[in-house]
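Welcome! Take a moment to look at the sequence and turn the model around on your screen. We will walk through it together, piece by piece.

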Amino acid sequence: MLRAALKTFPTRWASYRTTTILAVRKDGQVVMMGDKEVTAGGVIVKSTAKKLRVISQKDQTDVLVGFAGSVADALSLLQRLEGKLDEFPGQLLRACVELAKSWRSDKYLRRLEATIVVGAPDGVYTIDGMGNVLEADEGVACAGSGGYMALAAAKALYDIEGLTAEQICKKAISIGASMDSHSNTTFDMIKVEQKK
């Protein structure tokens, strides 16, 4: 009986795949949205979680961060990303690469289970524990189990004239989350525009 109960809890792989995070960058604007549901196996634990953060820097454009995975691990990575952005101000890609290098090579960090999406007007990136820093094609990036369905929808909407980053993100994440059993349809949204 205990074995059957333990099987309902997520495996290491599943624990950081059960969410929907989507970022869209278009015409100098970046919009990031994420669902608010937390699950443990097939059980909904919380439906009001905050999976998005804004890193504000002095004299720099804000950086948006969304995460899928263990909250403690993601917040640890967020703190380290802030440090890398302080070390390399105005160089988002370099900060992301340095974070990925640390994540991959550090004995402690290597065990962190999360995927983060980082966005600013100069780029949108997905960073994972395998050392990957993936720059978004067409300014669209995702994380989580519903993320790839939302990504496909966003790519289909991206070239439609007159649609803003916010409109694309709202429609696409609704599609992705509706198809994912571990995401709900209540979303947080953050956005940033290029400084003029």
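## A first pair of strands

Let us begin with two neighbours: strand β8 (residues 123-128) pairs with β9 in the antiparallel sense, over three bridges. To find the spot, look for T126, whose bridge partner in β9 is L134. Keep in mind as you explore that this is a predicted model.

## The five-stranded sheet

Where do β8 and β9 belong in the wider picture? They are part of an open sheet of five strands, ordered β5-β6-β7-β8-β9, with antiparallel pairing. At the edges stand β5 and β9 (133-135); each has a single partner strand, so one side of each is left without a neighbour in the sheet. On average, neighbouring strands of this sheet are turned by 20 degrees against each other, direction ignored.

Now follow strand β6 (residues 63-69). Strand β5 (residues 52-55) pairs with β6 in the antiparallel sense over four bridges, and L52 stands opposite G66 in β6. β6 is also joined to strand β7 (residues 114-120) by six bridges, and these two run antiparallel. Here you can look for L64, which stands opposite G119 in β7. How much of β6 is covered? Mostly covered is the answer, as six of its seven residues are buried.

## Helices across the first sheet

Which strands does helix α3 (residues 71-87) lie across? It lies across β5, β6 and β7, and runs at about 155 degrees to β6. Helix α4 lies across β6, β7, β8 and β9, running at about 0 degrees to β8.

Helix α4 (residues 92-105) also holds a charged pair, K101 and E98, which sit three residues apart, about one turn of the helix. K101 forms a salt bridge with E98, and the closest N and O atoms are 3.4 Å apart. Are these two buried or exposed? K101 has 48% relative accessibility, so it counts as partly exposed. E98 has 18%, so it counts as buried, because the cut-off for buried is under 20%.

## The four-stranded sheet

There is another open sheet to find, formed by four strands in the order β10-β1-β2-β11, and its pairing is antiparallel. Its edge strands are β10 (140-143) and β11, each of which pairs on one side only. From one strand to the next, the twist averages 10 degrees.

Zoom in on strand β1 (residues 21-26), which pairs with β10 in the antiparallel sense over four bridges. A useful landmark is A23, standing opposite A141 in β10. Then look for helix α6: it lies across β1, β2 (29-35) and β11, and runs at about 20 degrees to β2.

## A small network of charges

How many salt bridges does the structure hold? There are five. Among them is the one between K170 and E166, where the closest N and O atoms are 3.1 Å apart. These two residues are four apart in helix α6 (residues 165-179), so about one helical turn separates them.

E166 has another partner as well: K191 forms a salt bridge with E166, with the closest N and O atoms 2.6 Å apart. This pair links distant parts of the chain, since K191 lies in strand β11 (residues 187-193) and E166 in helix α6, 25 residues apart. Together, E166, K170 and K191 are linked in a network of salt bridges.

How do the three residues compare in exposure? E166 counts as buried because its relative accessibility is 17%. K170, at 39%, counts as partly exposed, and so does K191, at 46%.

## Stepping back

Finally, zoom out to see the whole protein. Its secondary structure comes to six helices and eleven strands. Of its 196 residues, 47% are buried. The protein exposes about 10,200 Å², and carbon and sulfur atoms supply 52% of that area.

What share of the contacts with a separation of 6 or more comes from residues 24 or more positions apart? In this protein, such residues account for 64% of those contacts. The bridge between K191 and E166, 25 residues apart, is a good pair to revisit with this in mind.

Terms used. Residues numbered from 1 in each chain as written. Predicted model: local features only at pLDDT ≥ 70, side-chain atom pairs only at ≥ 80, totals over all residues. Heavy atoms only, no water. Salt bridge = Lys/Arg side-chain N within 4 Å of Asp/Glu carboxyl O. Buried < 20%, exposed > 50% of the residue type's maximum accessible area, 1.4 Å probe, protein only. Pairing = 2+ DSSP bridges. Axes fitted to C-alpha atoms, helices over the stretch in contact; angles between N-to-C directions. Contact = heavy atoms within 4.5 Å. Areas by Shrake-Rupley, 256 points an atom, 1.4 Å probe, with all protein chains shown as cover.
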